[in-house]
Each structure stands twice: as structure tokens, then as C-alpha cells.
Amino acid sequence: MKRKEFRKLISVDKAREIINSLQVLPRKEASPLESAYGKILAEDIITEINVPPFPRAVMDGYAVRAEDTYACSETEPVEFRLLGNIPAGSDAKFKVSAGEAVEIATGAPIPEGANAVVMVEYSSEEGGTVAIYRPVTVGENIMKAGSDIRKGERVLRAGRKLGTREIGVLASIGKKDVPVLKLKVGIISTGDELVRPGEKLTSGKIYDANSYTLYAGIHECGAFPLLYGIVEDNEAAMKEALETAVSECALILTSGSTSSGAGDVMYRLIDEIGETLAHGINIKPGKPVVIGVIKGVPIIGLPGNPTSALMIFNEFVIPLLRKALGEGKELKKTEKGIMGTGFRSEGRQQLLPVGLIRGKIYPADRGSGAITSLSGADGFIEIPSSTEFIEAGTPVEVTLFGEVEKPDLLIAGGSCPGLDLLEDLSGLRFRTLYTSSSGGFSAIAANTADIAGVNMPSRDSRGQDGVLYNIPTIENMGLSGVVLVKGYKREVGLLVSQDKPISGLSDLPGKNLINRNLGSGTRALLDLKIAEFVAGKGISKKEFTDSISGYDSGVKSEVAVCEAVASGKAEVGIGKKACTEKNGLQFIKFAEEEYDFLIRKEIMETPEVRRFLEILNSAEFASKLPDGLHVYERTGEIIFFE
Ligand code: AMP
Ligand code: MG
């Protein structure tokens with residue numbers, strides 16, 4: 001067996017060249033028409049019949065000789081002798097001569113001698129005669145035999161992906177079994193940390209995402225995915241899985257274990273039982289990619305990180321599958337747009353996941369290992385190694401990830417059931433990145449969100465009871481070109497297990513609290529409330545908070561707070577009333593906060609934002625808000641920051 005060592009990363013072009021040289025050989029099989037959808041045609045389809053097979057009427061009316069109608073008019077109709085009637089599907093034989101007509105239905109065969117059909121609207125029938133009020137030309141309202149599909153014509157070419165229209169064509173020419181390509185692609189996920197979706201997630205484990213993204217991607221290409229499951233990080237187990245897959249598939253995709261780390265055995269294994277053609281491509285993400293061949297079956301080892309795996313799949317595997325299935329070169333679905341924000345690259349060729357909204361493109365990179373980079377992205381852009389910075393406004397082309405449903409609004413900030421209600425009632429599709437209030441302000445400042453839901457309180461004499469929401473933060477950040485739309489009020493308070501004797505802030509000392517992350521408006525509000533509470537009591541705020549264990553903790557979501565309290569990990573947490581009910585917790589209100597929407601001014605007049613605001617101001621929204629949330633006299637008020 002040959003041994004090759006690739007210590008150097010290969011270029012993207014070299015990787016394409018190697019992938020292009022792989023022999024991936026699909027098999028042919030006959031597929032019944034009903035299950036042919038999405039498959040790839042293995043042979044050219046030549047019809048043996050004409051469609052339609054005979055000249056037929058395309059209107060209900062009377063088959064006549066056109067020349068007999070030339071003198072017809074509204075005022076001086078001409079009478080024809082009626083020979084009979086031809087319904088659809090009939091093989092009744094008539095011969096139409098001068099001055100004669102046959103009643104005919106849409107889809108019925110034109111009788112001998114006739115060369116036009118008069119629409120029933122321009123006739124009146126009485127006894128054995130029919131009066132015609134308008135002339136027709138030769139061929140009018142007749143579809144000629146073979147005018148749709150002509151006998152002997154190639155109607156579909158090998159390599160065509162069968163969609164609804166193609167299947168319609170195949171049915172119309174009478175094909176029952178269709179020759180299609182079956183390209184079996186094996187999928188192996190590696191890693192001791194992986195658990196199958198549906199199974200229990202124990203400590204230290206994560207769910208296997210790659211098996212399913214790859215499965216869907218392969219399916220979408222018209223190939224046939226086969227799951228070989230999760231294989232532990234040990235050489236014997238991987239070898240066994242690879243050997244089974246090699247005996248059954250035309251191509252194998254693995255994910256994980258491709259780096260050169262201690263537990264990463266894929267590279268060594270391919271080298272041992274097959275031949276390694278490349279190890280490492282000079283591209284971000286996905287540097288650790290292995291390409292090899294085992295017993296003539298090509299294998300591509302993708303990186304474990306789900307975003308990287310999918311991007312490498314898109315960039316290198318889809319073209320390979322399309323080529324193997326004989327589909328044309330036109331392989332990428334792309335869309336043009338302009339950068340909505342600047343992006344700093346690293347001087348290395350990079351595939352950057354991006355979201356696309358109203359023609360603007362935003363980086364959706366959530367850092368390596370984040371699956372949300374995928375769900376928050378519509379596709380990716382390629383950044384060449386020579387580019388270090390892409391400025392906002394630069395035109396770029398996005399390669400789309402399969403079939404994407406693009407969002408109408410990009411929403412950041414604190415999560416809220418009221419926001420979900422706005423989405424449901426508006427019919428708009430939101431893409432939400434829950435980042436807490438302060439993340440919402442930053443996203444608007446950086447131009448990476450359309451709207452941020454914010455509830456950041458500050459001590460400020462302009463506000464009610466000395467607390468002003470959001471405006472001081474906007475001022476401190478010096479945000480301009482933004483609009484603050486007043487939203488609704490939310491009851492916030494302590495979340496406590498039913499059996500814990502806590503009735504207010506005074507009970508917090510000595511208790512174990514689960515707090516929200518820094519940057520959360522709710523946490524800032526607790527701070528303010530504690531400051532108010534200790535004022536004049538002879539203790540400092542710091543002494544008070546030092547006496548609460550867990551005061552410096554910080555979880556990123558209200559759900560995490562509820563879970564910690566419900567499971568007994570903490571005795572008390574903070575959050576909205578709306579969240580306590582389904583967790584069976586007590587709610588001890590300490591404030592009513594104002595939740596507002598920070599919107600980029602330039603998009604205020606878009607139909608999406610108008611719709612958003614229309615719903616916010618609607619009676620239906622007000623009546624459907626869950627308990628603990630309510631609109632008030634300022635809901636919908638707009639404050640401009642120039
Ligand atoms: P690896 O390439 O094996 O070093 O894995 C890189 C990262 O991706 C690790 O954090 C893995 O836990 C993660 N990972 C590997 N395989 C999968 C998978 N099938 N689904 C989700 N995450 C994965
Ligand atoms: Mg691994």
C-alpha cells in the first residue's frame with residue numbers, strides 16, 4: 001500500500017482538482033413515477049407518442065370547416081346542419097362537409113373534414129341546426145397532434161433532476177418506470193461526545209447534527225444518503241464502519257476526527273486502509289479536511305464543527321455529487337447583495353456564513369462550533385486571501401444553502417413572548433438573535449440588526465420614579481439615525497420555588513440566587529431596585545449584594561433561570577411573570593419594566609417595519625399578550641434620535 005504524507009495545506013484550487021479526479025459511480029435503477037421526485041434521470045427520454053396523440057378541441061363548441069363561417073356575423077348568422085356530438089374520450093366518427101357542424105367538448109378529437117372550432121358562446125342551437133355568429137380561422141381552437149410533444153423528440157435529458165413538471169411530462173408520454181441514478185452516499189459521524197437526536201443527553205454529550213445536515217444535503221442533490229450512525233473515537237470501531245460503508249456506497253462522507261490531534265484517527269486510518277490524497281485545505285473554516293480512496297471508493301473526511309462541515313460540503317461535495325449524477329455545471333444558487341456592515345477577514349481564503357435580508361448581507365458567524373451560525377445564515381460568501389477588510393456597501397455574491405426561506409426582519413436584543421406574538425400576528429418572518437438588551441444596542445449600532453428589543457433601565461430624573469428606560473443608553477452610546485418605539489410593560493420579579501419562604505428583596509441575603517448575565521436589562525433593574533431598597537437602611541448596596549450567594553452569576557436566558565430554580569440549583573432567580581407559570585414557580589413582582597424597540601431609522605418606511613408597528617398598535621395584540629405583559633398609553637410612541 002502506498003503511503004503519502006501531506007504536511008502542507010493544499011490550495012483550494014488543488015483541492016478542487018483532486019475532488020474532480022475522484023471516480024464516483026452511481027448505479028442505474030428503475031423508479032416508479034410516484035417515487036421519482038427529486039431523483040436524477042439516468043437516460044435521455046425519447047417519446048414514442050405524440051402529445052396530444054390526435055388533434056383536439058381546446059374549447060367547447062362546434063367543429064366546422066372554417067371557410068364555411070367567413071360570412072357569419074352577429075347580425076347575419078349562418079345556419080349549419082348538426083351531425084351529432086363528440087364528448088371527451090369518445091371515438092365517435094363523423095365526416096364534416098360543407099355547411100355541417102359537430103358539437104364537440106374540450107379535449108375531444110376533431111372529426112374528419114373539420115378544421116376549426118367555434119366557441120359555444122358564438123352559437124345558438126335549435127333542433128337539428130346551429131346558428132354561428134362569428135367567423136373562425138383555420139386551426140382556431142384546435143390543438144394539433146404532437147404540438148405539445150412530438151413523437152421521437154428527446155423530452156428530458158439524462159442528468160435532469162425530476163421535479164413536478166418533469167414528472168408531469170413523463171406521465172403524459174406514458175412512462176411508468178423511470179430510469180434513474182442511485183448514488184449511495186454513506187455518512188459516518190465520529191466522536192465519543194455524540195448522541196443521536198431523540199436519545200437522552202447525558203453530561204458532556206452533544207447531539208449529532210452532522211449526520212442529519214449531510215443526509216438532507218445529499219438528498220437535496222438527488223443522491224441517496226445512508227446513515228452509518230455515530231462511531232466512537234477508536235480505530236477499530238471506525239475501521240469497521242468504514243469497511244461496511246465501502247462495501248455498500250459509491251462515496252463516503254465522515255465528519256470529525258480529521259485534525260492531527262491525539263484522538264483524531266480518521267486521517268491515519270484512511271492512510272492505513274486506503275490512500276490519502278490530501279490532508280488539509282487552506283481555507284477557513286474547514287482546514288482539517290481529508291480526501292482519500294479506500295478500495296476504489298472515494299472518502300471525504302469533513303471537519304466536526306457543523307458549520308464547517310456544511311460549508312465544505314457545499315463548496316466541494318455538492319459539485320462532486322452533481323458531476324457524478326451528470327447534472328450540468330450550473331451548480332450554485334447565488335444571490336447578489338451588498339454588505340450591510342464591514343467585516344475584517346484574516347488574509348486567508350475564507351467562506352463566511354452570512355444572512356441576507358432585503359438585499360443586505362450580514363456576517364452570521366457565531367464563532368467556531370456554533371450551530372446557530374447555520375440556522376442564522378442563508379448562505380456564505382467567499383473572501384479571497386488578498387482581502388483583509390470588506391467595507392459596508394461592497395457588492396458581494398452569496399452562495400445560498402439549499403432552499404432557504406429568507407427572513408423579513410432581523411431582530412436582536414432581549415427575548416420576549418410578546419415578540420413571538422408580534423411575529424405570529426404580523427405574518428412576518430423574524431430571524432431572532434437573542435443577545436440581551438445591551439447586545440441589542442450594539443447590533444443596532446453595528447448595523448447588524450433591523451430591530452432590537454430593549455429594556456435597559458437607568459437612574460435618571462426624567463423617568464417615572466427616577467428610572468428611565470433605554471434613552472440614557474442610547475445617549476451614552478451616542479447612537480444616531482435610530483428610532484425608539486415604545487413597546488409594552490412587563491412585570492418582572494423574583495422567581496421562587498413554591499416551597500421557599502421568600503417574599504421580597506429583603507429576604508435575599510443568605511439565599512442562593514441565579515442572576516442574569518451582565519448586559520441583561522432585567523439584571524440592571526434588579527441592581528436599581530436593590531439600590532433603592534438599601535437607601536436609608538444604613539447598609540451599602542455592596543454589603544447587601546455580597547450577602548447574596550450567586551449574585552455575580554449570570555445565565556444568558558430566562559429559561560436557564562427558571563430551570564435552575566425549578567431544579568433546586570438556586571433558591572431564587574429573576575425574570576418575567578410570563579415565564580413562571582409553566583415552570584410552577586412563585587412570582588414576586590418588584591417592578592414593571594418598559595420593553596421598547598430600537599429601530600434603524602432608514603428602515604422605518606419599509607413595508608416590514610410598517611407592518612410590525614401596525615401590529616404593535618393593534619387591539620388584537622393588546623388582547624392577546626400573555627399575563628404579566630400589557631400595552632399602555634405610550635405603546636407605539638416614536639422617539640427619534642438624529
Ligand atoms: P472534531 O473535528 O472531531 O475535532 O470535532 C470538532 C468539533 O465539532 C467538536 O466540538 C465536536 O464536538 C463537534 N462535532 C463533531 N462531530 C459533530 C457532529 N456530528 N454534530 C455536532 N457536532 C460535532
Ligand atoms: Mg471528534
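**Salt bridges and the ligand shell**

Let me begin with a group of charged side chains: Arg 358, Lys 360, Asp 450, Arg 600 and Glu 602 are linked in a network of salt bridges. I should say at once that what we have here is a predicted model, and that a search of the whole structure finds 34 salt bridges in it.

I would like to take three individual pairs in turn. In one of them, Arg 16 bridges to Glu 315, with 2.5 Å between the closest N and O atoms. Arg 16 belongs to helix H1, residues 12-20, and Glu 315 to helix H6, residues 306-324, so this pair ties together parts that lie 299 residues apart in sequence. The two partners sit in unlike surroundings, since Arg 16 is partly exposed at a relative accessible area of 31%, whereas Glu 315 is buried at 2%, which falls under the 20% cut-off.

Next comes the pair formed by Asp 527 and Lys 541, whose closest N and O atoms are 3.5 Å apart. Asp 527 is in helix H11, residues 521-534, and Lys 541 is in helix H12, residues 541-546, the two being 14 residues apart. Asp 527 is partly exposed, with a relative accessible area of 24%, and Lys 541 also counts as partly exposed, at 32%.

A further salt bridge joins Lys 601 and Glu 642, again with 3.5 Å between the closest N and O atoms. Lys 601 lies in the loop between strand S37 and helix H14, while Glu 642 lies in the segment after strand S39, so the pair connects parts 41 residues apart in sequence. Here Lys 601 is partly exposed, at 34%, and Glu 642 is exposed, at 65%.

Let me turn to the ligand. Which residues come closest to ligand 1? Of the 15 residues that surround ligand 1, the closest are Glu 193, Asp 208, Ala 209, Ser 257 and Asn 305. A polar side-chain atom of Glu 193 is 2.5 Å from an oxygen atom of ligand 1, and Gly 304 and Asn 305 each place a backbone N or O atom 3.1 Å from a ligand oxygen. Taken alone, ligand 1 exposes 490 Å², of which the protein buries 73%. Strand S14 (184-190) and strand S16 (206-207) are the elements that give two or more residues to this shell, and the shell residues divide into 5 nonpolar, 8 polar and 2 charged.

Finally, on the surface, Tyr 212, Tyr 215 and Leu 227 make a nonpolar patch of about 260 Å². Leu 227 lies in strand S17, residues 224-231, and is partly exposed, at 37% relative accessibility.

Technical notes: Residues are numbered from 1 along each chain as its sequence is written. Chains are lettered from A and ligands numbered from 1 in the order in which they are written. This is a predicted model: local features need pLDDT of at least 70, side-chain atom pairs count only at pLDDT 80 or more; totals for chains, interfaces and linings use all residues. Side-chain values use heavy atoms; hydrogens and water are left out. A residue is near a molecule or strand if one of its heavy atoms lies within 4 Å of it. A polar contact is a pair of N or O atoms within 3.5 Å; within protein, one must be able to donate a hydrogen and the other to accept it, and residues adjacent in sequence count only if both atoms are side-chain atoms. Accessible areas come from the Shrake-Rupley method with a 1.4 Å probe; for residues, only the protein chains shown count as cover. Helices (H or I, at least four residues) and strands (E, at least two) are DSSP runs, numbered from the N terminus. Ala, Val, Leu, Ile, Met, Phe, Trp, Tyr, Cys and Pro count as nonpolar, Asp, Glu, Lys and Arg as charged, and the others, Gly among them, as polar. Patches are made of residues with over 30% relative accessible area and no salt bridge: like charges are joined within 9 Å, nonpolar side chains (Val, Leu, Ile, Met, Phe, Trp, Tyr) within 5 Å. A salt bridge is a side-chain nitrogen of Lys or Arg within 4 Å of a carboxyl oxygen of Asp or Glu. Buried means under 20% relative accessible area, exposed over 50%, partly exposed in between (1.4 Å probe, protein chains only).
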